[in-house]
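Colleague: Got a minute to walk me through this one? I'd like to hear about its pockets and a helix.

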Amino acid sequence: MLLKKSVDEGQFEGVHFINGTVRFQKVKLNVFCFATDGVLVDTSAQSLFTEVKPFFDRIDIDQVVLTHHHEDHTGGAHYMVDRGLPVFLHKKSIDDVIRKANYPIYRKLFWGSRKPFVAQPLGETFESRSATWDVIATPGHTSDHLSFLNRETGMLFTGDLFVSPKVKVILRNESIPQIVRSIEHVLSYDFETVACNHAGIVKDGRTALIAKRDHLNALIDEVVTLRNKGMAIKEIHKTLFPSTYPIKHFSFGEWDSLHIVTSILEE
């Protein structure tokens, strides 16, 4: 499998970031990680480790916090542990990440095989060199998903909560209603800029999250209305999502717009 890989680095208001991209045919995936005030937020993917290692070796950090357990966010965690740095994530994933990662082969082809690592559980807050951070539960993409708010700078690190204002496909186990509740939850905090692990720095982050919430709420209303008219799930899906995206076939259906409809109706 011929993967094309590249990385770009940047800086915004004291936050250093690196964006790794993996391409195969028509499928292009990317992931950011961010370093600020001695904290590294997420560690990219094992398949990008060679490309991001110089960044890891150059940044000045004391600790690592992970937004969730997915392999494109935890690929370099083992390296940080080997360097003697503490790595933190949601308590429910502590036992999972210490074992060999188990996820579909297509994801391993893109993101590599995440190596086991030892992590510590996050509490409700943590301290960096000059700030207190809020640890905000934001499930929906995964049950262990967290967002981090730097109270000093007002920047919100959202993992995979935002990604884009309009959702076209989701993972089979994601929940659209739960994502809406998580967005509502973070909107109760004081922030403007968002650091998203796939969209990068979103300067008007609050506005962007509001737009996503409103889009998802409208989508929920459409799905429920069509269901109440007697439409079957597949009919609703075809009506609202007439296009088929390449990742559906490449992922053998793990990513699909159909899951948007089913997650709404399941609730």
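Modeller: Sure, pockets first, then the helix.
Modeller: This is a predicted model, where local features need pLDDT of at least 70, side-chain atom pairs count only at pLDDT 80 or more, and totals for chains, interfaces and linings use all residues. Residues are numbered from 1 along each chain as its sequence is written, and side-chain values use heavy atoms, leaving out hydrogens and water.

Colleague: How much space lies in the largest pocket?

Modeller: About 920 Å³. A pocket is an open set of points on a 1 Å grid over the protein atoms alone where a 1.4 Å probe fits, with protein on both sides within 12 Å along at least five of seven lines. The volume is the space filled by probe spheres set on the points.

Colleague: Which residues lie nearest its centre?

Modeller: Leu 29, Val 163, Val 169, Ile 247 and Trp 255, out of 34 lining residues (those with an atom within 4 Å of a point).

Colleague: And the second largest pocket, what lies nearest the centre there?

Modeller: His 69, His 70, Asn 102, Arg 107 and Thr 142. That pocket holds about 470 Å³ and has 23 lining residues.

Colleague: New topic: which residues of helix α1 are buried?

Modeller: Phe 49, Val 52, Phe 55 and Phe 56, where buried means under 20% relative accessible area. They sit on the same side of α1, because they cover an arc of only 120 degrees around the axis.

Colleague: What's exposed on the other side?

Modeller: Thr 50 and Arg 58, exposed being over 50% relative accessible area.

Note on methods. Buried means under 20% relative accessible area, exposed over 50%, partly exposed in between (1.4 Å probe, protein chains only). Helices (H or I, at least four residues) and strands (E, at least two) are DSSP runs, numbered from the N terminus. The arc is that of the directions from the helix axis to the C-beta atoms.
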